[in-house]
Amino acid sequence: MRQQRLLNPTLRDVPGDAEAASHRLMLRAGLIRQLSSGIYSYLPLGLKALGHIQTIVREEMDRAGAQEMLMPALHPAELWKASGRWDVYGPELMRLQDRHGREFALGATHEEVITTLVKDEIHSYKKLPLTLYQIQTKYRDERRPRFGLLRGREFLMKDAYSFDRSTSGLDASYQAMFDAYVNIFTRCGLQFRAVEADSGAIGGTDTHEFMALADVGEDTIVHCPACQYAANLEKASGTITNTSATTAEMPNTQPAKVHTPGITSIKQLSQFLRIEPQQIIKSVAVQANGEPVIALIRGDLEINEIKLKHVLGVDEITMLSETEIAALGSIAGFIGPIGLSSVRLIADSSIQGLTDAVVGANEADYHLQHVDVQRELADILYADVRNVGQGENCSHCGHELAFAKGIEVGHVFKLGTKYSESLGASFTDENGLSEPMIMGCYGIGVSRVLAAVIEQHQDERGISWPNAIAPYSIHLLTVQVKDEARMTLSEELYLSLTRAGFSVLWDDREERPGVKFNDADLLGFPLRLTVGKKANERIIECKERRSGSAYELNVEQLLTHCQSFFN
Ligand code: ATP
Ligand code: MG
């Protein structure tokens, strides 16, 4: 491709709201343009890179035995009503009506459509197992579309669905997709981790997320540097040891009220009483299925809402309002577990064994000191309802856990029979009995992968593509296009390289050398070849984008050099 004719509007400045490096670089390098919040056009270079990711995804899906198909993006509401998700999916599902007033949704995911299709077409065990996939545009009205392609409202997803006769069959289908994902993300040049994730309240058992490691990532990963353990913070658990400072023996000290005027936060309280936050017990008051619950946790730690919901067996919890807290006989900011009879208490295991703790006194401007948990809260129910905190140890091997930020690029999920039962996808087994199919679903955010790749492969000068994803492998630059000898040599190189199978973008623009070099760094193709002063001697300059190493090459050596560089 000759750059002269390429639609590649590079930018010097980008809008201030483009916070993520990948977002800024994709705008600056002219890969994408925004049409509306979370909705983007792919310009030629962006589409090429996206195409390379799609090719890798297809090759690995096909190799794993999945079959590609394509489903509609427009879904009749009846399907989503039948699965129950028309109501539970909420405002993220984009909804519309046709000219007859019939309701539709724009596909946010395709469990409903695929399960209905398979239900109609597959009836016998002889046709199972089956894994189908598609690469398709998805629509989700995200609450906060941001970071460019990382969280779009219209984005490209690869979604696959497996159908099995047995749970062991599902295990095998799941493992095949898991392995394919490892290959895909490795080939895309991503540094990633597969982490255990929460499978939600309804349906589903095992689930893993594939996280590309990046500071801009919205997920927190908890992992053990010593063993294989890695989990999303929403699911992760660790072990905690309360120090001797917080569990020292307190012979015969009774809880005592202490005046703490206007002190309602853990930070204020620890400063006021000159104690560590670890010595304070935080009381978090929530409502679960109409019932008030107080969750108790060590002051330096945070409640994990997902775990708390699981322990309480509910889908939704809300914080109690000041009036609701007052109705319990307490007061916001000074809630505590002692003396509240009408409330269910759940204690995070982090408070177990505390001997000299501080809690709210359920009275304005007062706390209780010298609380011995074992003595004062003898019958309390302990559970793990916290986010793993700094300094916790791995429950598998005891090593201290570490934290990292990740971008969820893929997700594998054992669905079980949730959709096959609600939508009636069953098969007859060898004995003529009807059984629901056992399903798995497997997503990759293809457009998000593109952004994640850039997030991990960039520097102050621009993008620095991994070979497999780069829109073009080679950037051929002609310095001074008016120079006939240089143009002739450039043309010769362009032809021989493209004939040899390399993808080449030829910068034949009438621009100053500085502009060309800066643009080449910004676009970031792996190898830059410059035809300049020594064209007459058939010598060109070669520069590797990633290592920065630069050297001269005789034209006669070029093909072998490129072949070895790209192998
Ligand atoms: P997230 O927690 O990031 O919202 P999700 O759990 O909603 O993701 P899934 O429903 O599992 O995501 O979708 C499968 C994959 O699609 C995700 O792993 C992710 O890579 C991608 N994806 C999800 N939402 C978006 C989005 N708004 N923009 C781009 N990619 C997305
Ligand atoms: Mg989401």
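This briefing looks at one loop residue, Asn 362, and one strand, strand 11. The model is predicted. Asn 362 is a buried residue in a loop, and strand 11 is a strand whose 5 residues are all buried.

**Asn 362 and its surroundings**

- You will find Asn 362 in the loop that links strand 18 (357-360) with strand 19 (366-371).
- Its relative accessible area is 13%, so Asn 362 counts as buried, the cut-off being under 20%.
- The side chain of Asn 362 makes a polar contact of 2.6 Å with the side chain of Ser 330.
- A polar atom of the Asn 362 side chain also lies 2.9 Å from the backbone nitrogen of Gly 336.
- Beyond its neighbours within four places in sequence, Asn 362 touches Gly 329, Ser 330, Ile 331, Phe 334, Ile 335, Gly 336, Ile 338 and Leu 340.

**Strand 11: burial**

- Strand 11 covers residues 219-223, and 5 of the 5 are buried, so the strand is largely enclosed by the rest of the structure.
- In a regular strand, side chains alternate between the two faces of the sheet.
- Here, Asp 219, Ile 221 and His 223 point one way, while Thr 220 and Val 222 point the other way, and all are buried.

**Strand 11: pairing**

- With strand 21 (residues 402-416), strand 11 runs antiparallel, joined by 5 bridges.
- Within that pairing, Thr 220 stands opposite Lys 405 of strand 21.
- Strand 12 (residues 230-232) is another antiparallel partner of strand 11, paired over 3 bridges.
- Val 222 has Ala 231 of strand 12 as its bridge partner.
- Strands 11 and 12 form a hairpin, with 6 residues between them.

Definitions and conventions:
Residues are numbered from 1 along each chain as its sequence is written. Chains are lettered from A and ligands numbered from 1 in the order in which they are written. This is a predicted model: local features need pLDDT of at least 70, side-chain atom pairs count only at pLDDT 80 or more; totals for chains, interfaces and linings use all residues. Side-chain values use heavy atoms; hydrogens and water are left out. Helices (H or I, at least four residues) and strands (E, at least two) are DSSP runs, numbered from the N terminus. Buried means under 20% relative accessible area, exposed over 50%, partly exposed in between (1.4 Å probe, protein chains only). A polar contact is a pair of N or O atoms within 3.5 Å; within protein, one must be able to donate a hydrogen and the other to accept it, and residues adjacent in sequence count only if both atoms are side-chain atoms. Contact means heavy atoms within 4.5 Å. Two strands pair if DSSP finds at least two bridges between them.
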